[in-house]
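Please walk me through this protein and its ligand, beginning with what surrounds the ligand and then moving out to the rest of the chain.

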Amino acid sequence: MELYASTPGVLFLTTAFLSYFLICFTNRLKLPESIPWAGLKSGVFKRQRAHLQEVFRGREYLAEGYNKFSKQGKAFAAPNFNFVPDIIVPPAYASAREGQLYFLSKYTYSHERLHRDTLEDNLARTQQIMRLPTLHTEVMDELVAALKDAWGSNNTEWTAVNPFETMFYVVSRSANRAFVSRELCRDDGFLEAVKAYVNSFATQGILIRFFIPELLKPLFGRLLAIPVHRRYRQLLDGYLVPLAQKLILQDDRGEETLAKWLQVAAQSHSDPEERTAEALAGQLASAEFAPLHTSTYSITDTLLDLLSAPQAESHLETLREEAQSLQGDPSQWTRAQVLHLELADSVIRESLRVTRTSGKAMLRRVVAKKGVLLPDGMRLPYGVYVGLSAESHIDGDYYDDPKEFRPWRFVPGAQKPFAAPRKMATTSPEFLSFGHGRHSCPGRFFVAQFLTALLACIARDYDIQPLLERPVGHSVSDLSTPPTDARILIRRRRD
Ligand code: HEM
């Protein structure tokens with residue numbers, strides 16, 4: 001009887017499953033025959049098998065392709081669970097300028113305006129983001145208060161905290177001090193609405209990107225993105241539209257924030273649609289999804305890498321001494337002082353280098369209908385994604401003991417073979433955490449300044465117990481994130 005009742009469900013699932021693979025198998029993107037593939041094993045359906053296994057072996061394919069092909073200056077095809085391979089080019093091609101930035105899935109953008117990536121829009125956004133480091137005083141004030149609220153003041157007993165959750169709170173509150181306002185960044189309802197929106201944007205985007213074949217995306221991409229649009233509306237109606245209306249009315253007065261700068265910039269827009277509260281609120285919502293997860297992953301991974309390193313206690317002490325060398329209370333630290341925190345800057349860069357959240361970098365879609373010609377004469381078809389492998393981060397030609405986490409690797413005088421020390425925000429084909437070239441992350445100077453200060457405050461004000469093992473995070477395909485359920489033991493230091 002039960003079997004009978006579930007038959008339509010089983011039939012539906014089987015049909016859906018078979019249609020999925022039929023669509024995937026028949027997907028024929030015309031790649032040049034001469035392009036070599038990574039991850040192929042002998043036997044039948046080599047490519048299809050490699051595509052299917054990519055969800056677990058994405059990093060392995062990229063490492064194989066990098067060592068076999070990228071290092072010989074050749075492009076290769078990297079299998080993909082959605083059956084459309086990405087083309088990974090050698091580091092020498094990293095200066096290529098064409099293409100459109102690839103960001104999860106266009107279906108998760110709640111308004112067409114947010115997905116536009118014209119040169120003009122891109123420049124306008126980049127210019128405002130590049131001004132964020134000037135809001136240093138406000139961000140420092142928020143960061144110190146948020147850290148104390150998240151980690152508490154108990155200086156007698158050890159307290160267990162979840163590094164991912166607490167760092168998300170500190171990052172979100174501090175970044176939003178610069179993005180929206182002092183009042184809103186302290187409003188728990190607003191922070192929850194932002195979190196719900198950016199989380200659904202990321203998860204639904206990954207689902208659509210990896211699990212829906214191209215042909216089915218117009219239908220299933222739209223369906224899966226419905227929760228994102230609902231959360232977008234809640235964030236806009238509850239918080240961002242009222243904020244935007246206030247900003248439009250008060251014109252040039254009020255706090256210096258990204259919201260105000262965007263509002264002032266929008267006033268000279270020729271299209272009246274772009275000058276509305278709805279448009280400004282949409283821009284603010286879209287400013288939230290690039291920084292929050294990335295910055296949280298980065299500081300959480302840094303803490304976990306540091307605490308599970310063999311000399312964790314001595315590393316923390318070294319960071320503490322550097323922080324204590326700065327005069328005054330951290331909320332008063334100037335920008336110049338924070339830029340002198342070379343050890344903290346090096347640890348975060350080193351963690352970004354070894355614990356890469358993405359195995360691919362600089363992914364760009366070929367948008368020219370006739371395809372693009374690679375420097376080696378190979379023509380790539382319209383629609384394919386082209387990028388670099390971040391395997392260069394652990395290439396022995398660039399770094400000594402490349403797989404080892406060495407916190408002071410980038411401190412002046414400590415690194416080899418680089419001739420010059422590298423600050424966290426410096427990009428290169430051997431350090432792709434912020435991308436490289438024209439579309440490299442415009443928020444990297446802001447985030448470097450802010451995370452360096454945060455790490456210094458943590459080392460200065462808290463004792464933390466080292467970890468016996470590095471807690472393992474989550475991974476799918478070439479992406480990995482820190483664990484969301486790890487715990488560390490902390491105790492406030494006596495002032
Ligand atoms: C540790 C933190 C961060 C990491 C690891 C990171 C990483 C990246 C990467 C890899 C890209 C793509 C670059 C490319 O494809 O060449 C990117 C783009 C971008 N990031 Fe970040 N980012 C971080 C923080 C931020 C922050 C704090 C902001 C804003 C305040 C921001 C704003 C952006 C924007 C707007 C883009 C798109 C650039 C464009 O369209 O040209 N990011 N980021």
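Helices, as named here, are DSSP runs of H or I with at least four residues, numbered from the N terminus. By that count, α13 supplies four residues to the shell around the ligand, the largest share. The model is a predicted one.

The shell holds 22 residues, and those that come nearest to the ligand are Pro291, Thr294, Gly435, Cys441 and Gly443. Three elements give two or more residues to the shell: α4 (119-130), α13 (291-307) and α17. By class, the shell consists of eleven nonpolar residues, ten polar ones and one charged residue.

Two of these elements, α13 and α17, also meet each other. Their axes come within 11 Å and cross at roughly 40°, and the crossing is right-handed. On the α13 side the contact is made by Pro291, Ser295, Ser298, Ile299 and Thr302, and on the α17 side by Val447, Leu451, Leu454 and Leu455. An α-helix has 3.6 residues a turn, so residues three or four places apart point the same way. Sorted by class, the contact of α13 with α17 has six nonpolar and three polar residues, and no charged ones. Pro291 thus appears both in this contact and among the residues that come nearest to the ligand.

The chain as a whole comes next. The protein chain has 495 residues, of which 41% are buried, and contains 17 helices and twelve strands. Of its contacts with a separation of 6 or more, 75% are between residues 24 or more positions apart.

The largest nonpolar core has 88 residues, and Leu143, Leu284, Leu454 and Leu455 have the most contacts inside it. Helix α17 (residues 444-461) gives twelve residues to this core, the most of any element. Another core lies apart from it, with 21 residues, including Phe76, Ile87, Ala361 and Met362.

Within α17, Phe450 is a useful residue to look at. Phe450 counts as buried because 28 C-beta neighbours lie inside 10 Å, where 20 or more are required. Beyond its neighbours within four places in sequence, Phe450 is in contact with Val139, Leu143 and Ser174. Leu143 is one of the residues with the most contacts inside the largest core. Phe450 also has Arg335 at 9.7 Å, C-alpha to C-alpha, although the two are 115 residues apart in sequence.

What surrounds Leu284, another of the core residues named above? Not counting residues up to four places away in sequence, Leu284 touches Phe179, Val180, Leu240, Ala259 and Leu262. Leu284 is one of the buried residues of α12, together with Ala279, Leu280, Ala281, Gly282, Gln283, Ala285, Ala287, Glu288 and Phe289. Ten of the 13 residues of helix α12 (residues 277-289) are buried, so this helix is largely enclosed by the rest of the structure.

Leu240 shows the same region from the side of helix α10 (residues 226-250), in which it lies. Leu240 is buried, with 27 other C-beta atoms within 10 Å. Apart from neighbours within four places in sequence, Leu240 is in contact with Leu235, Ala281, Leu284 and Ala285. The C-alpha atoms of Leu240 and Leu280 are separated by 8.3 Å, with these positions 40 residues apart along the chain counted as their separation.

Two residues deserve a look for their backbone angles. Most residues other than glycine have a negative phi. Met362, which is not a glycine, has a positive phi of about 55°. Met362 lies in strand β5 (residues 360-365) and is buried, with 24 other C-beta atoms within 10 Å. Asp401 also has a positive phi, near 35°. Asp401 sits in the loop between β8 (385-389) and α17, and is exposed, with 10 other C-beta atoms within 10 Å.

Last comes Ile206, in helix α8 (residues 188-211). Ile206 counts as partly exposed because 16 C-beta neighbours lie inside 10 Å. The C-alpha atoms of Ile206 and Val476 are separated by 9.4 Å, and the two residues are 270 residues apart along the chain.

Definitions and conventions
Residues numbered from 1 in each chain as written. Predicted model: local features only at pLDDT ≥ 70, side-chain atom pairs only at ≥ 80, totals over all residues. Buried ≥ 20, exposed ≤ 12 C-beta atoms within 10 Å, placed from the backbone. Contact = placed C-beta atoms within 7 Å. Core = buried A, V, L, I, M, F, W, Y, C linked by C-beta atoms within 7 Å. Near = placed C-beta within 6 Å. Nonpolar A, V, L, I, M, F, W, Y, C, P; charged D, E, K, R; others polar. Axes fitted to C-alpha atoms, helices over the stretch in contact; angles between N-to-C directions. Left-handed = near helix turned anticlockwise from the far one by under 90°.
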